[in-house]
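Colleague: I am new to this model and would like a close look at one part of it. Please take me through that part slowly, and explain your terms as you go.

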Amino acid sequence: FYRAIQCELLSGLQVRAMTRLPGGRVTFDFPSVGGRSYVIQASTNLNGWLNIQTNVGLGEPITFTDSFTNHPFRFYRVREE
């Protein structure tokens, strides 16, 4: 079970459709603004969040693929810094 959570409702940041790929990998994308930083976080319990990737926007969608798939549950969120 994998799910993305919208965190930046006021800024318009929205995770798009999440897809489970062969081999259990998970991918999703989200829009970006040039020069802004985005932190992708993951959690297995919605309490403790781990920063797993930081991207700098180029004004086009950022695609994230997580190949670390040995969790029965994993939640994602994207924060703009």
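How far from a polar atom of the side chain of Thr27 does the backbone oxygen of Phe64 lie?

Modeller: The backbone oxygen of Phe64 lies 2.9 Å from a polar atom of the Thr27 side chain. Some ground rules come before the rest. This is a predicted model, in which local features need pLDDT of at least 70, side-chain atom pairs count only at pLDDT 80 or more, and totals for chains, interfaces and linings use all residues. Residues are numbered from 1 along each chain as its sequence is written, and side-chain values use heavy atoms, with hydrogens and water left out.

Confidence first. pLDDT is the predictor's confidence in each residue, from 0 to 100. The protein chain has a mean pLDDT of 83, and 85% of its residues reach 70 or more. Among its elements, strand S1 (residues 2-5) has the lowest mean, 56, and S5 the highest, 95. Strands here are DSSP runs (E, at least two residues), numbered from the N terminus; helices would be H or I runs of at least four.

Back to Thr27. Thr27 sits in strand S3. Thr27 is buried, with a relative accessible area of 14%. Buried means under 20% relative accessible area, exposed means over 50%, and partly exposed is in between (1.4 Å probe, protein chains only). The 2.9 Å approach to Phe64 has a companion: a polar contact of 3.2 Å joins the side chains of Thr27 and Thr65. A polar contact is a pair of N or O atoms within 3.5 Å; within protein, one must be able to donate a hydrogen and the other to accept it, and residues adjacent in sequence count only if both atoms are side-chain atoms. Leaving out residues up to four places away in sequence, Thr27 touches Ala17, Met18, Thr19, Leu21, Thr63, Phe64 and Thr65. Contact means heavy atoms within 4.5 Å.

Now the strands around Thr27. Thr27 stands opposite Thr65 in S6. S3 and S6 pair in the antiparallel sense, over five bridges. Two strands pair if DSSP finds at least two bridges between them. On another side of the pairing, two bridges join S2 to S3, also antiparallel. There, Arg20 has Val26 of S3 as its bridge partner. Together, three strands form an open antiparallel sheet in the order S2-S3-S6. Strand S2 (19-20) and S6 stand at the edges with a single partner strand each, so one side of each is left without a neighbour in the sheet.

Look along S6 next. Ile62, Phe64 and Asp66 point to one face and are buried. Thr63 and Thr65 point to the other face and are not buried. In a regular strand the side chains alternate between the two faces of the sheet.

Phe64 leads to the rings. The model has five aromatic pairs. Rings of Phe, Tyr and Trp (its six-membered ring) pair if their centres lie within 6.5 Å; planes under 30 degrees apart count as stacked, over 60 as edge-to-face and the rest as tilted. Phe28 and Phe64 make a tilted pair, with 5.3 Å between centres and 50 degrees between planes. Phe28 lies in S3 (residues 26-30) and Phe64 in S6 (residues 62-66), so the pair ties together parts that are 36 residues apart in sequence. Phe28 and Phe64 are both buried. Ring pairs link Phe28, Phe30, Tyr38, Phe64 and Tyr76 into a cluster.

Phe28 has other company. Beyond its neighbours within four places in sequence, its contacts include Val15, Met18, Ile40, Ile62 and Val78.

These residues lead into the core. A nonpolar core is a set of buried Ala, Val, Leu, Ile, Met, Phe, Trp, Tyr and Cys residues joined through side-chain atoms within 4.5 Å. The largest one has 12 residues, among them Leu13, Val26, Phe28, Ile40, Phe64 and Tyr76. S3, S4, S6 and strand S7 (74-80) each supply at least two of its residues.

S4 deserves a last glance. Six of the seven residues of S4 are buried, so S4 is largely enclosed by the rest of the structure. S4 joins S7 through six antiparallel bridges, with Val39 opposite Arg79. S4 also joins S5 through six antiparallel bridges, where Gln41 stands opposite Asn51.
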